[in-house]
Amino acid sequence: MQYATHSADPRRQERLGLLFAGLCALNGAFVPAVAKLTTARGDAVFVATVTTVVAGVCALLLLAVLGEVAALWARGQRRALLGIGTLGTAVTFLLFFEGARRSSAVETALCLQIEPVYSLFLARFFLGHPLKPRRLAAVLAIVGGIALALNPAGFSGWLGNALLLVTPLGWQVSHLIVLRGLPSVQPRTLSAARYVYGGAVLALLWFATGGVARLPATPELLRML
C-alpha cells in the first residue's frame, strides 16, 4: 500500500512507486541481520529507541535544510502524524526488535514478508480495491512459503515469530491513516513524522520502564551505537 501522489501521468507514478518500493525492500533486507546483532547485545526497547531517534534527527535536519520543519506541527494534521508515528514506528519497531531478539536473522526477514497479505486485505476492506485471483494466488504462495520455512526453537522462538508476523500490520494501518487523512502531505514530511513522533514515544517508554538502569557497560554501548 503506497502513499497517494498526484500527477498527470498515473502510469509513470505507478512505475516510480514500484521502483521506490523495490529500493525500500532492498534497503530493508539488511535490517534483520543488524537487528539480531544489536538486540543480542542490549535491550530491545533501547535499540528501538536509539535507531528511531537517530532517524528522527536525520529527518529533522533534512526538513530544516528544505525549510519544511513547521509541516510537522501543522494544525489539523498533528493527531494523524502522531498516529502514524506511534503505529507505524513506535509500536512496530518495538514488536520488530523484541521479535528479532527471540528469532534468527533469517526468520526475522521471512516473517516480515507477510506484509503484502495485510496490504491486500486492508486495501480491499477500506479502499475497495478488488481481490483478483492472481493476487490471492500470490498471497497463498507467500503464506505457504513462510509456513514451510519457519522453524522456531521453543516457546521463545514461537513468540518471536508471532511478534514479527504482527509487525507489518502496524505499517499498513499507518498507511491507511495517511491515505484517508493526509493525502496531500509530502512523503518526506510523513517519513519525518514517523521517526520524530515515534522516537519521542519510544524515548518516553524507555525512560518510564527504567531503561537507563539497564544500559550496558560503556565499551559494549559504544560497539552497539
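## Exercises on a predicted model

In this predicted model, a polar atom in the side chain of threonine 39 lies 3.5 Å from the backbone oxygen of lysine 36. Let's start there.

**Exercise 1.** Describe the surroundings of threonine 39: which helix holds this residue, and is threonine 39 buried or exposed?

*Solution.*
- Step 1: Place the residue. Threonine 39 belongs to helix H2, which covers residues 31-39.
- Step 2: Check the exposure. The relative accessible area of threonine 39 is 5%, and buried means under 20%, so threonine 39 is buried.
- Step 3: Look for polar partners. Besides the backbone oxygen of lysine 36, the side chain reaches the backbone oxygen of alanine 35 at 2.7 Å.
- Step 4: Look further along the chain. With neighbours within four places in sequence set aside, threonine 39 is in contact with Ala44, Val47, Phe97, Ala100 and Arg101.

**Exercise 2.** Classify the ring pair of phenylalanine 46 and tryptophan 206.

*Solution.*
- Step 1: Choose the descriptors. A pair of aromatic rings is described by the distance of the centres and the angle of the planes.
- Step 2: Apply them. The centres are 5.6 Å apart and the planes stand at 40°, so this pair is tilted.
- Step 3: Locate the partners. Phenylalanine 46 is in helix H3 (residues 44-66) and tryptophan 206 in helix H9 (residues 187-208), so the pair links parts of the chain 160 residues apart.
- Step 4: Check the exposure. Phenylalanine 46 and tryptophan 206 are both buried.

**Exercise 3.** Classify the exposure of leucine 23.

*Solution.*
- Step 1: Leucine 23 sits in helix H1, residues 10-28.
- Step 2: Its relative accessible area is 47%, so leucine 23 is partly exposed.

Methods:
Residues are numbered from 1 along each chain as its sequence is written. This is a predicted model: local features need pLDDT of at least 70, side-chain atom pairs count only at pLDDT 80 or more; totals for chains, interfaces and linings use all residues. Side-chain values use heavy atoms; hydrogens and water are left out. Helices (H or I, at least four residues) and strands (E, at least two) are DSSP runs, numbered from the N terminus. Buried means under 20% relative accessible area, exposed over 50%, partly exposed in between (1.4 Å probe, protein chains only). Rings of Phe, Tyr and Trp (its six-membered ring) pair if their centres lie within 6.5 Å; planes under 30 degrees apart count as stacked, over 60 as edge-to-face and the rest as tilted. A polar contact is a pair of N or O atoms within 3.5 Å; within protein, one must be able to donate a hydrogen and the other to accept it, and residues adjacent in sequence count only if both atoms are side-chain atoms. Contact means heavy atoms within 4.5 Å.
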